[in-house]
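User: I've got a structure open and I'd like to learn how to read it feature by feature. Can you walk me through it?

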Amino acid sequence: METVTVRRVIDAPITQVFDWCATTTHYTRSPFVLRARLARRGEGAPYGVGAVRLHTWLIGWFRERVTAYNPPYGFDYVVERSVPSARHELGRLTFTEVPEGTLVEWTTRFRPPLRCVAGPAKAVIAHVFGTILDAGAAELTRERMDPDGGGAHGRGGESGAGAGR
């Protein structure tokens, strides 16, 4: 199995960072995520346990199911299907309050279909995770600095059935 972990400190309260990251439609703020939608609501919360999330990246398509949901401290998911195909063992985002805001740690464990693509796959995944977290940091910081500024910023926005909270 290959493991990728990306860390970012986002200068915003833990509850806001958790909510932003749990809402998969926000991922389209990254130029590498073309589409993201909530296909099935979870138990107790739209993105709670059992939620099914669909993502289309420049490099592939992913159907994910949320397997643990503990706001505002973390959630886990598993990729049930993907194109290109890869075995996925774990996806986890954890959130920790730190003096500078909220530390986000995003970890995934997977096995690519061909061992020779493991290195490039890890680099691409780390880069995309980083751009998603950077977009969240920019948006949450902008909202905090200008709470009456109104409107969504960045590209994409919410899309597909069940978008929003």
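User: How much of the protein is made up of buried residues?

Analyst: A residue counts as buried under 20% relative accessible area, as exposed over 50%, and as partly exposed in between, with a 1.4 Å probe and protein chains only. Here, buried residues make up 45% of the 165 in the protein. Keep in mind that this is a predicted model: local features need pLDDT of at least 70 and side-chain atom pairs count only at pLDDT 80 or more, while totals for chains, interfaces and linings use all residues. Residues are numbered from 1 along each chain as its sequence is written, and side-chain values use heavy atoms, with hydrogens and water left out.

User: Which helices and strands should I look for, and in what order do the elements run?

Analyst: Helices (H or I, at least four residues) and strands (E, at least two) are DSSP runs, numbered from the N terminus. This protein has 2 helices and 7 strands. Starting at the N terminus, the order is β-α-β-β-β-β-β-β-α.

User: What share of the contacts join residues at least 24 apart?

Analyst: A contact means heavy atoms within 4.5 Å. Take the contacts between residues at least 6 apart in sequence: 53% of them join residues at least 24 apart.

User: Let's try single residues. Is V104 buried or exposed?

Analyst: V104, in strand β7, has 0% relative accessibility, so it counts as buried. Leaving out residues up to four places away in sequence, V104 touches V6, R7, R8, I10, V17, L93, T94, F95 and L133. T108 is also in strand β7, and it counts as buried at 4% relative accessibility. With that same sequence cut, T108 touches E2, T3, V4, H88, L90, G91, I125 and F129.

User: And E97, buried or exposed?

Analyst: E97 sits in strand β6 and counts as exposed because its relative accessibility is 57%. The C-alpha atoms of E97 and P13 are 7.7 Å apart, although 84 residues separate the two along the chain.

User: How do I read aromatic pairs, and how many are there?

Analyst: Rings of Phe, Tyr and Trp (its six-membered ring) pair if their centres lie within 6.5 Å; planes under 30 degrees apart count as stacked, over 60 as edge-to-face and the rest as tilted. By that rule there are 8 aromatic pairs. Take F18 and F95: their ring centres are 5.2 Å apart and the planes meet at 70°, so this pair is edge-to-face. F18 belongs to helix α1 (residues 14-22) and F95 to strand β6, so the pair ties together parts that are 77 residues apart in sequence. Both F18 and F95 are buried.

User: Which aromatic pair is stacked, 3.8 Å centre to centre?

Analyst: That's W106 with F129, with 10° between the planes. W106 is in strand β7 and F129 in helix α2, so this pair ties together parts 23 residues apart in sequence. Both W106 and F129 are buried. They also belong to one aromatic cluster, formed by Y27, W57, F62, W106 and F129.

User: Where does the charged end of R53 sit?

Analyst: The general idea is that a charge sits over a ring if NZ of Lys or CZ of Arg is within 6 Å of the ring centre and within 35 degrees of the ring normal. In this model, the charged end of R53 is over the ring of Y77, 5.0 Å from its centre.

User: What is the volume of the largest pocket, and what lines it?

Analyst: On a 1 Å grid over the protein atoms alone, a pocket is an open set of points where a 1.4 Å probe fits, with protein on both sides within 12 Å along at least five of seven lines; lining residues have an atom within 4 Å of a point. Grid points are joined across faces, edges and corners, and a volume is the space filled by probe spheres set on the points. The largest pocket here has a volume of about 450 Å³. It is lined by 26 residues, and the closest to its centre are I59, F62, A86, F110 and I125. Helix α2 (118-145) gives the most to the lining, with 6 residues.

User: How do the lining residues divide into nonpolar, polar and charged?

Analyst: Ala, Val, Leu, Ile, Met, Phe, Trp, Tyr, Cys and Pro count as nonpolar, Asp, Glu, Lys and Arg as charged, and the others, Gly among them, as polar. The lining of the largest pocket has 19 nonpolar, 5 polar and 2 charged residues.

User: Last one: where are the cis peptide bonds?

Analyst: Most peptide bonds are trans. In this model, a cis bond joins P71 and P72, with omega about -5°, and P72 is in the loop between β4 and β5. The bond from V83 to P84 is cis too, with omega near 0°, and P84 lies in the loop between β5 and β6.
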